[in-house]
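Here is a short walk through one structure. Keep the 3D view open and follow each element as it comes up.

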Amino acid sequence: MNYIDLRSDTVTKPTPEMREAMAEAEVGDDVFMDDPTVNALQAKAAEMLGKEDALFVPSGTMGNLLALLVHCQRGDEALVGAQSHIYINEAGGMSALGGIYPHPITNQADGALALEDLRAAIQTDDVHHAITRLICIENTQNACGGIPLTAEYTRQVGELAREHNLRLHIDGARIFNAAVALNVDVRELVAPADSIMFCLSKGLVAPVGSMLVGPQGFINRARRLRKMLGGGMRQAGVLAAAGLISLEKMIGRLEEDHARARKMYELLQPTPGLKLAASPLSNMVYFELSEDVKLSVDQITKAMKKRGVLVEAAGARRFRWVTHYWINDAGVEQAVQALREILQ
Ligand SMILES: *Cc1c(COP(=O)(O)O)cnc(C)c1O
């Protein structure tokens, strides 16, 4: 069965053009840095983000972990969003593998970490304290609603970081969604950061892979750690070939996903039994079931599947529906119609 799959943009299968490019990719051993397709992808990613170099990594989680490991020593502290992917959804890797202490900062409703909260969290030189090394922000901020953080906000965080001799890492899993939503050059969004991770495997439709981007010395150290973690991938050009198509062809169409998320929101809004927040700014619609709905999220998930739509709970009474390349207007309408029938 061909499901309408709204669980995530990670479910995007490669396009026929990607599969063809993968089949024909020129490859080499990337651990020897001789895979021309990986090298081309890394050069292109670095150029597009306005940084010196980039590293192809198997997942966003590994990219973020490498950044944390390069920026922090054991016992150092990183300021992270309490609702960030790094803090909640990366299996505690920074602590387990890096001995890095996460200091969670409450996310504001707009996804940002308030500058005064960051300032207050930065530890003094007192021997009682861990040494604060790093600030991590997430753009778009997933759990807060797929919200883009502005270039001006990022500039202010960068300034605060420099004032206190801290590094700034951006978990930019969906940084191109943010750039498109804000209509700014992605370079402007990442200029204040020492490192950025972004995913090819989400809205950019590639089957596998993320990029870690930053200065040469940072990337050199990250490459050694990638090998240590088992992420040296040999003929990875077959994957990088799809990633190149992501960067060339998939960014320009992200606005379609955002428009469909807005349409989904408008169709969901009048549905009795649902509580929706503000209109979505990127490709995610979050909503909650109101108290009068007797069905559980699990019951709704099963009933949706029977109607050909895959969804996933994002909390005890909460859903997140995500638009992507393989979701068209008819799919959005069918999904909303199915939910209406179930709730009636
Ligand atoms: C998906 C995601 C990641 C990690 O990516 P994986 O490739 O799934 O490991 C990191 N940060 C955010 C905000 C994400 O949404």
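**Helices on a sheet**

Helix 12, residues 254–268, lies across strand 9, strand 10 and strand 13. Its direction runs at about 20° to strand 10. Helix 13 packs on the sheet too, touching strand 10, strand 12 and strand 13. The direction of helix 13 makes about 35° with that of strand 13. Bear in mind that this is a predicted model.

Now look at the sheet itself. Strands of a sheet pair through backbone hydrogen bonds, either parallel or antiparallel. Here four strands form an open sheet in the order 9-10-13-12, and the pairing is antiparallel. Strand 9 (274–276) and strand 12 (312–315) stand at the edges. Each has a single partner strand, so one side of each is left without a neighbour in the sheet. From one strand to the next, the twist averages 40°.

Go next to the pair formed by strand 10 (residues 284–289) and strand 13 (residues 318–322). These two strands are joined by five bridges in the antiparallel sense. To find the register, start at M284: V322 in strand 13 stands opposite.

Back to helix 13, this time with another helix. Two packed helices are described by the angle between their axes and the distance between the axes. For helix 13 (residues 297–306) and helix 14 (residues 329–343), the axes come within 10 Å and cross at roughly 125°. That makes helix 13 oblique to helix 14. The crossing is right-handed.

Which residues meet where helix 13 touches helix 14? From helix 13 come I300, A303 and M304. They meet A335, A338, L339, I342 and L343 in helix 14. The residues of this contact divide into eight nonpolar, no polar and no charged.

One more stop lies earlier in the chain, at strand 7 (residues 195–199). Is this strand mostly covered or mostly uncovered? Mostly covered: five of its five residues are buried. S195, M197 and C199 point one way, while I196 and F198 point the other way, and all are buried.

Strand 7 has neighbours in both senses of pairing. Strand 6 (residues 167–171) runs parallel to strand 7, joined by three bridges. In that pairing, I170 has I196 as its bridge partner. Strand 8 (residues 210–214) runs antiparallel to strand 7, with four bridges between them. Here F198 stands opposite M211 in strand 8. Both I196 and F198 are among the buried residues already met.

Terms used:
Residues are numbered from 1 along each chain as its sequence is written. This is a predicted model: local features need pLDDT of at least 70, side-chain atom pairs count only at pLDDT 80 or more; totals for chains, interfaces and linings use all residues. Side-chain values use heavy atoms; hydrogens and water are left out. Axes are lines fitted to C-alpha atoms, for helices over the stretch in contact, and angles run from 0 to 180 degrees between N-to-C directions. Angles under 35 degrees count as roughly parallel, over 145 as roughly antiparallel, 65 to 115 as roughly perpendicular and the rest as oblique. A crossing is left-handed if the near helix is turned anticlockwise from the far one by less than a right angle, and right-handed if clockwise. Contact means heavy atoms within 4.5 Å. Ala, Val, Leu, Ile, Met, Phe, Trp, Tyr, Cys and Pro count as nonpolar, Asp, Glu, Lys and Arg as charged, and the others, Gly among them, as polar. Buried means under 20% relative accessible area, exposed over 50%, partly exposed in between (1.4 Å probe, protein chains only). Two strands pair if DSSP finds at least two bridges between them.
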